[in-house]
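Here is a short briefing to read beside the model. Please keep the sequence and the 3D view open.

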Amino acid sequence: MKVHLINPSHVSFGVAVITPRWLYVMAAATPSTFDDPLITDETLDPLDPCRIQRGDVVGIGIHTGNALRGYELGRLARERGAYVIFGGIHATLFPEEALELGGAHVVVKGDGDLIWATVLADCVAGSPQRIYEGGKVEGASLLPARWDLLPKDRYMWASVQTLRGCPKHCSFCSVWRTDGQRPRPRSSDAVIREIVQLRRLGFRFIALADDNFYPVTLQDLALASRRGDMQRFEQLKAIREERFDLMTRLAQLPREMVFYTQITMEAAEDSAFLEAMRNANIKGALVGVESVTQEGLKAVHKNFNLAGEALVNRLQMFRQHGVHVLGSFIFGLPTDRPETFEATVKLAQNAGITFAQFVMLTPFPGTVDFARWETEMAEDKTRIGGIPLTRHWLIPQAIRPKVYTPHPAMSAREIQERTQASWDRFYSLKLVWQRSSCVRSVRARLAFVLISKLYRQMYANTGIATDSARVSRSARWARWIAKPCRRLFLSAPMPDLQLPV
Ligand code: SF4
């Protein structure tokens, strides 16, 4: 009985930016009584079905964006006689759907780190249950990944998780509901061990793939203290100290190592934290800006962000501490107007944001927005390809709409076109070249341009180019520039690198 682990994707680029960590964590969770799992990451290459034999176990991890491809693979694996097991956020939210449409024998809800061995043992015994509850595994029990199984020369960045969970409650995000609001940090020892292993293998760039690397704000501490809730205060303080401890350890690694993470904008007011990030060589952070207006922020329950000039100042704080920002913006909020798009790009440029992504408001399952929308849509009879809009992830890619809720001021087409224009403007050669002044040499500036163009090509999926010819042209172009881009991140392995004391 062989174990297969598959990361589904309907488009493959040959080279990928970040390692899909879950594949290698589940490989670590596979007991040594089995052979090493056979891993397929379809963002690199499509699955070769011939690898799957009768009696094998096929584990497929899905989020909402790749659920449809995952179901296709699940049915295919079942036809070939394998046990099919689904996990991941989407399967956790819709276990019955995976059982019904994905050919699943089993669905694992929650974290798979500890329950996976039981699921495999039950498959060997020929009596797997339909559903297993993996729960929310404590930080100390989260497993390090089996990086020794990584294919050579395919990824630009490796990914290590230092903590799971986010205390916020943004209305468009499911993380705080699925991973919980209580941060579950791993020990800095465990994190550093993985990072050293990755550097030994030749990775110099590491994404700290956390839900929120800054889980305790200065305001959280002040509030607990004002309330006189000393127990809460001490808990928060301990989490904050653990973050600083981790960053001190990161600072002891070779200086050429570069880290990247995701944080909330509140970190900008915490200069001690930003300074520790600088020392740790955390050179980049994805920051959810979402909207540049106060009304927009209110609409997504993100009042803790700032708008207008104050927002520009706050974002500039990151740059002043050597942290490059990948700003994430949402378009299509009810408060957006035609002028919002251009104003957003202008603000992103003025605030010194290094990279940006512009996404269209989509009601994702597991979010507050989705629950409200599903209720509102109860009477809606619209079907696309026979699928109701509230199950949009099941609509084939080519005909899947990109805007789901009627907007008070703009048509769906206008929102799509203006979003696409925002990508085009922000990643125009002129603006990219201006931003490339954040690095010194001409060679580094050219590399910056190449990476910016690749980023735009891989992630600007706003739905204008949904016909298959254009999608495959776009993927070909991305594949073509991905290879030289990867070389920019290469580094000689350091097999003798020791753990910092
Ligand atoms: S969007 Fe970010 S800050 Fe908001 S709940 Fe999700 S992970 Fe937390």
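The notes below cover a charged patch, strand pairing, backbone angles and one long-range pair.

This is a predicted model. Strand β6 pairs with β5 and also with β7. Two residues other than glycine, D153 and N281, have a positive phi. A positive patch on the surface includes R479.

**Positive surface patch**
- Four residues make up this positive patch: R476, R479, K483 and R487.
- One of them, R479, sits in helix α18, which spans residues 468–489.
- R479 has a relative accessibility of 35%, so it counts as partly exposed. The partly exposed class lies between the buried limit of 20% and the exposed limit of 50%.

**Strand pairing around β6**
- Strand β5 covers residues 83–87, and strand β6 covers residues 106–109.
- β5 and β6 run parallel and are joined by two bridges.
- Across this pairing, F86 has V107 of β6 as its bridge partner.
- Strand β7 covers residues 131–133 and runs parallel to β6.
- Three bridges join β6 and β7.
- Here K109 is partnered with E133 of β7.

**Positive phi values**
- Most residues other than glycine have a negative phi.
- D153 is not a glycine, yet its phi is positive, at about 60°.
- D153 is in the loop between β7 and β8, the latter being residues 155–160.
- Is D153 buried or exposed? Its relative accessibility is 52%, so D153 counts as exposed. The cut-off for exposed is over 50%.
- N281 also is not a glycine, and its phi is positive, near 65°.
- The loop that holds N281 runs between α10 (271–279) and β13 (282–290).
- Is N281 buried or exposed? Its relative accessibility is 9%, so N281 counts as buried. The cut-off for buried is under 20%.

**W22 and V300**
- W22 belongs to helix α1, residues 21–29.
- With 29% relative accessibility, W22 counts as partly exposed.
- How far apart are W22 and V300 in space, C-alpha to C-alpha? The distance is 29 Å.
- In sequence, W22 and V300 are 278 residues apart.

**To locate in the view**
- Find R479 in α18, then the other patch members R476, K483 and R487.
- Find β6, with β5 and β7 as its parallel partners.
- Find the loop residues D153 and N281.

Methods. Residues are numbered from 1 along each chain as its sequence is written. This is a predicted model: local features need pLDDT of at least 70, side-chain atom pairs count only at pLDDT 80 or more; totals for chains, interfaces and linings use all residues. Side-chain values use heavy atoms; hydrogens and water are left out. Patches are made of residues with over 30% relative accessible area and no salt bridge: like charges are joined within 9 Å, nonpolar side chains (Val, Leu, Ile, Met, Phe, Trp, Tyr) within 5 Å. Accessible areas come from the Shrake-Rupley method with a 1.4 Å probe; for residues, only the protein chains shown count as cover. A salt bridge is a side-chain nitrogen of Lys or Arg within 4 Å of a carboxyl oxygen of Asp or Glu. Lys and Arg count as positive and Asp and Glu as negative; His and the chain ends are not counted. The place of a charge is taken as NZ of Lys, CZ of Arg, CG of Asp or CD of Glu. Helices (H or I, at least four residues) and strands (E, at least two) are DSSP runs, numbered from the N terminus. Buried means under 20% relative accessible area, exposed over 50%, partly exposed in between (1.4 Å probe, protein chains only). Two strands pair if DSSP finds at least two bridges between them.
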